[in-house]
Amino acid sequence: MNRTSPRKFAIDLTPLRTSREFRTLFVARTISVFGIGFLMVALPIQVYGLTGSTARVATIATVIGVSAFGGTLIGGALADHFDRRTVIVLARGSATVGFAVLAVNAMLPSPQLWLIFVAGIIDGVAGGVSSTALVAATPGLIPRDKLAAAGALMALTVDLGSMVAPALGGVLIAWADVTVNFWFAAAASLVTTVLIARLDPMPARRTHTESPLRAIVSGFSFAFGHPVTGGALLVGFVTMLLSGWSVLVPEYVAEVLHGGSATAGLLFAAPAVGAVLGSLTSGWTGSIRRGGQVIFAATLVSAAGMAGAGLFGVTAVAFLGLLAHGAGRVVGDIARFAVVQAHTPDEYRGRVSGVWTAQITVAAAAGAVVAGVVSGFVPVRQVFVVYGAVGCVVTVALWLLLATLRRLDSRDPVAVEPG
């Protein structure tokens with residue numbers, strides 16, 4: 001009897017073992033993600049402490065989000081025109097300055113709110129530029145058949161950071177104050193900058209001569225005109241649609257589960273736990289031939305998990321459903337990363353990576369709008385079921401519409417020319 005080796009499911013560490021450049025990027029990204037996690041806890045606490053206004057906290061979050069979205073588009077054009085190492089170093093260096101401004105401002109007798117907004121804009125743009133250039137640089141450092149493994153490793157850094165960094169940041173604030181968190185974020189960003197600066201140059205193989213605005217437009221045109229790349233990015237809108245789950249948790253916990261903050265915290269953590277488990281068991285994704293089918297299946301699992309979370313009004317079931325949602329989401333992202341990068345020529349990788357990163361940047365905000373609309377029409381007991389069901393219906397509709405992605409087979413490569 002044939003038995004499947006556990007190694008087939010364990011996360012593939014080959015890119016870390018075989019590529020010094022990728023290993024450096026991985027370490028740098030991990031340090032950066034943890035630093036930003038500390039920052040994301042300190043910033044709302046500081047703003048609320050200064051103003052006593054939740055609206056001001058929401059405003060600074062929106063400013064950073066909009067700045068990051070703009071940074072991803074700018075970063076895509078820059079990464080396709082200039083050396084990607086230089087783009088990352090300059091962006092992370094700028095973020096380091098922004099974090100240091102936040103730290104110095106927090107040390108003042110009367111911290112200035114306008115400085116927080118200015119630093120937030122700098123950090124948002126710099127983060128969008130650097131993350132886009134990093135994604136664009138990654139495929140050039142590893143073999144094509146290890147793109148899924150690289151995507152899993154990069155996803156793992158983000159999900160672990162989402163689980164661990166906020167908790168540690170909260171402990172650090174309780175022990176000292178927000179100033180220490182800001183300095184920690186600045187130090188982490190500085191270390192990241194130094195690590196990337198020590199790498200060899202990473203120029204784009206062919207540079208475009210278009211104006212920045214025209215380059216962004218042509219990047220979008222290629223991204224959504226190509227039958228495979230565009231299809232994979234379109235499926236990503238389902239992930240965006242389902243990213244607003246967190247706004248449903250407080251009312252669902254209070255009205256249906258009759259729980260408190262501990263129950264809410266458990267549900268908030270569930271998708272991240274599922275995502276980490278999905279990443280750690282993603283070794284099998286490196287050998288898939290039907291990448292499109294994996295994308296659709298994983299997205300359907302993510303949506304079905306969301307629906308399942310609200311089926312019985314039981315905390316354990318809600319936790320498991322959200323865990324499945326997180327696991328399906330990360331496996332879908334890993335498969336989409338591999339498919340998109342494999343079918344995008346290098347001269348478009350920066351701008352396509354900008355579209356990819358922009359989806360992630362605006363996902364929570366766009367998903368929150370959809371979740372809010374659903375909650376306005378559906379009783380709270382059924383809100384997760386309906387929200388997840390909408391995701392399932394949209395996924396099936398895209399499966400029917402996107403025939404090229406559905407039939408994708410790695411043995412029959414699709415041309416990577418603009419559609």
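Burial was assessed over the 419 residues of the protein, and 52% of them count as buried. The model is predicted. Buried here means under 20% relative accessible area. The accessible surface of the protein comes to about 18100 Å². Carbon and sulfur atoms account for 69% of that surface.

The secondary structure consists of 16 helices and zero strands. The radius of gyration is 21 Å, close to the 22 Å given by the globule rule for 419 residues, so the protein is as compact as a globular protein of that length. The C-alpha trace spans about 65 × 55 × 45 Å along its principal axes.

Contacts were then considered by sequence separation. Among those between residues at least 6 apart in sequence, 84% join residues at least 24 apart.

Charge placement was examined next. The protein carries 27 positive and 18 negative charges. The mean positions of these two sets lie 6 Å apart.

Helix α9 was examined individually. This helix covers residues 229-241, a run of 13 residues. From its first C-alpha to its last, α9 reaches 19 Å. That span is close to the 18 Å expected at 1.5 Å a residue. In α9, 11 of the 13 residues are buried, so the helix is largely enclosed by the rest of the structure. The buried positions begin with T229, G230, G231, A232 and L233. Further along α9, V235, G236 and V238 are buried. T239, M240 and L241 are also buried.

Notes:
Residues numbered from 1 in each chain as written. Predicted model: local features only at pLDDT ≥ 70, side-chain atom pairs only at ≥ 80, totals over all residues. Heavy atoms only, no water. Helix = DSSP H or I, 4+ residues; strand = E, 2+ residues; numbered from the N terminus. Rg over C-alpha atoms; globule rule 2.2 N^0.38 Å. Buried < 20%, exposed > 50% of the residue type's maximum accessible area, 1.4 Å probe, protein only. Contact = heavy atoms within 4.5 Å. Areas by Shrake-Rupley, 256 points an atom, 1.4 Å probe, with all protein chains shown as cover. Lys, Arg positive; Asp, Glu negative; His and termini not counted. Charge placed at Lys NZ, Arg CZ, Asp CG, Glu CD. Expected span 1.5 Å × (residues − 1).
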